[in-house]
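Visitor: Could you walk me through some helix packing and some empty space in this protein? I would like to follow the reasoning at each step.

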Amino acid sequence: MDTRPIVADRTGGPDEHVDVLIVGAGLSGIAVAYYLQREHPALTYVILEARGATGGTWDLFRFPGMRSDSDLHTFGYAFKPWTSEKSIAGAPEILAYLRETAAEHGIDRHVRFHRKVVGASWCSADARWTADVECSERGERGARMRITCGWLFSASGYYRYDHGFTPHFEGADRFRGEIVHPQHWPDALSYEGKRVVVIGSGATAVTLVPALAEAAAHVTMLQRTPSYILPIPSVDPFMMLARRFLSKEQAHALTRRKNIVMQRVIWTVCQRFPTAARRVIRWLNAKQLPAGYPVDEHFAPPYGPWDQRLCVAPDGDLFKVIASGKASVVTDQVETFTEKGVRLASGRELEADIIVTATGLTLLPIGGLALTVDGAPVQLPDTVAFKGMLLSGVPNFALAIGYTNASWTLKIDLVCEHFCRLLAYMHAHGYTTCRAELDTPAMPTRPLLDFGAGYVKRSLDILPRQGADAPWLMSMRYQTDVAMLRDARVDDPHLHFSTPAREIATSARPSLATP
């Protein structure tokens, strides 16, 4: 971790210059740094993190039971084997894994905490970005600094860290208990022996309910619409068998390959044969619930499997607490909060001491930073994603967005590899600027994320777009991305490379393309 103090530049120039500025010290930011220093060890980089800790999502969310909903053999990095027996792991284990990775490779020494990039301006004549950074640590709240860079890489994900999404609930001010959003779980909140209502049916609710049921008097999952929930073992039998004959590293690699294939097979079957997939999931759910349980009322979504993200229940934990009577599911709509709980559209009232609004995220692409290119503001909805990592018309800017139908990190690893190949190509040809350009501004586009989740639908108007075909298609298929990002040539005809005349005439700054 770099804790150097800010020294204001009295001449009006930047406080620092780096070759690559990475925004965000979470899972994606650590990956970018690893690949960058492995492939281009002479380049300078810094990671600016708005919060006071590394880990991103895995440090931010502190609610009980917080865990992955992807197996860690594919959610973990390709370059660092996941060696724990648990394939579905909790946030503390994942956070330790991320921080261990950063420490092992010296990445943590490049992180500056409490540095929020609020805007960045590109100057074509200088072939560089100038980032406006807000500093908020002790004694410096409100201070600003400027950092220039050859490349700006947004690794901050796509949701707001400061607050989640909570719809308006009539009568919320009347409720005498506590109302909590999982994104900001109070450390001192005690739910032991209390009645808890969790509003929501997505991955967060499915995770919270069995964890809360361990100590609460009773937990009710109140959902407007059911989700598909797949019970899976938390320990992969294949991986355990592989470890009997192979080293941990070899067993990890083999299990990772197996899981990549399985993720794609499950998604493909759900998309091509939704009726059959629905029946299989229903059968698995009914098998874990008491005889006569109304499965079709509470576990039969009106949409097809994988039209929204498929939730998982490690070792069937959600179904176990329902079967034991410690938790229950109610499918209804909230009419109003009352002094004692929630009154539903059916007239029924659920009494509660604590209400948890597990109602989703608020999206915020590229961390909300404002971009300008040669003085012109960049409107993200007017841009189109190139190979899922660059934006049309925005030079030397990359972003990391993972898969929504598989493990996030599978895509991030490939994006980082391609980014480093792009830098190498630019160095080999003496270029300092790379800009993706559309063949025609009238090219048909569609939303960047073809995903039915509510938090995505609410935010389509603030996201970049995607095209109908590669390289403008936001691929959600790993093997397709391997071919495009790892194996295909970098010099795509849609990329325009250049070196400004001003830079040819002077060698005043370090070359971004130093090998």
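Guide: Gladly! One definition to start with: contact here means heavy atoms within 4.5 Å. Please also keep in mind that this is a predicted model.

Visitor: Thanks. Which residues of H13 does H11 meet?
Guide: Helix H11 covers residues 408–429 and helix H13 covers residues 478–487. On the H11 side, the residues involved are Leu-410, Lys-411, Leu-414, Val-415, Glu-417, His-418 and Arg-421. Their partners in H13 are Tyr-478, Asp-481, Val-482, Met-484, Leu-485, Arg-486 and Asp-487.

Visitor: How do the residues of that contact divide by class?
Guide: Tyr counts as nonpolar in this scheme, whereas His falls among the polar residues. Asp, Glu, Lys and Arg are the charged ones. For the contact of H11 with H13, that gives seven nonpolar, one polar and six charged.

Visitor: How are the axes of H11 and H13 oriented to each other?
Guide: The two axes come within 8 Å and cross at roughly 15 degrees. Angles under 35 degrees count as roughly parallel. The crossing is left-handed. The angle therefore makes H11 and H13 roughly parallel.

Visitor: Now to H5 and H10: what is the term for their orientation?
Guide: Helix H5 (residues 203–212) and helix H10 (residues 317–324) have axes that come within 9 Å and cross at roughly 50 degrees. An angle under 35 degrees would count as roughly parallel, and 65 to 115 as roughly perpendicular. H5 passes H10 in a left-handed crossing. Because the angle fits neither range, the two helices are oblique.

Visitor: Which residue is the charged one in the contact of H5 with H10?
Guide: H5 brings Val-206, Val-209 and Pro-210, while H10 brings Asp-317, Leu-318 and Val-321. By class, that contact has five nonpolar, no polar and one charged residues. Asp belongs to the charged class, so the residue is Asp-317.

Visitor: Let's turn to the open space. Which element gives the most to the lining of the second largest pocket?
Guide: This pocket holds about 590 Å³ of space. Of the 24 residues that line the pocket, the closest to its centre are Asp-71, Leu-230, Ile-232, Gln-263 and Ile-266. Strand S10 (229–232) and helix H7 (248–272) are the elements that give two or more residues. With five residues, the element that gives the most is H7.

Visitor: And how does the lining of that pocket divide by class?
Guide: Among the residues closest to the centre, Asp-71 is in the charged class and Leu-230 in the nonpolar one. Over the lining of the second largest pocket, the division is 13 nonpolar, six polar and five charged.

Visitor: What about enclosed space: which residues in the lining of the largest cavity are polar?
Guide: The largest cavity has a volume of about 70 Å³. Its lining includes Ser-154, Gly-157, Tyr-158, Pro-365 and Leu-399. By class there are nine nonpolar, two polar and no charged residues. Gly counts as polar and Tyr as nonpolar, so the polar residues are Ser-154 and Gly-157.

Visitor: Last one: which helix provides the largest share of the lining of the second largest cavity?
Guide: About 30 Å³ of space lies in this cavity, and its lining is made of Leu-27, Leu-72, Phe-75, Gly-76, Tyr-77, Ile-94, Tyr-97 and Leu-98. Helix H3 (72–75) and helix H4 (91–104) are the elements giving two or more residues. The largest share, three residues, comes from H4.

Technical notes: Residues are numbered from 1 along each chain as its sequence is written. This is a predicted model: local features need pLDDT of at least 70, side-chain atom pairs count only at pLDDT 80 or more; totals for chains, interfaces and linings use all residues. Side-chain values use heavy atoms; hydrogens and water are left out. Axes are lines fitted to C-alpha atoms, for helices over the stretch in contact, and angles run from 0 to 180 degrees between N-to-C directions. Helices (H or I, at least four residues) and strands (E, at least two) are DSSP runs, numbered from the N terminus. Angles under 35 degrees count as roughly parallel, over 145 as roughly antiparallel, 65 to 115 as roughly perpendicular and the rest as oblique. A crossing is left-handed if the near helix is turned anticlockwise from the far one by less than a right angle, and right-handed if clockwise. On a 1 Å grid over the protein atoms alone, a cavity is a set of points where a 1.4 Å probe fits but cannot get out, and a pocket is an open set with protein on both sides within 12 Å along at least five of seven lines; lining residues have an atom within 4 Å of a point. Grid points are joined across faces, edges and corners, and a volume is the space filled by probe spheres set on the points.
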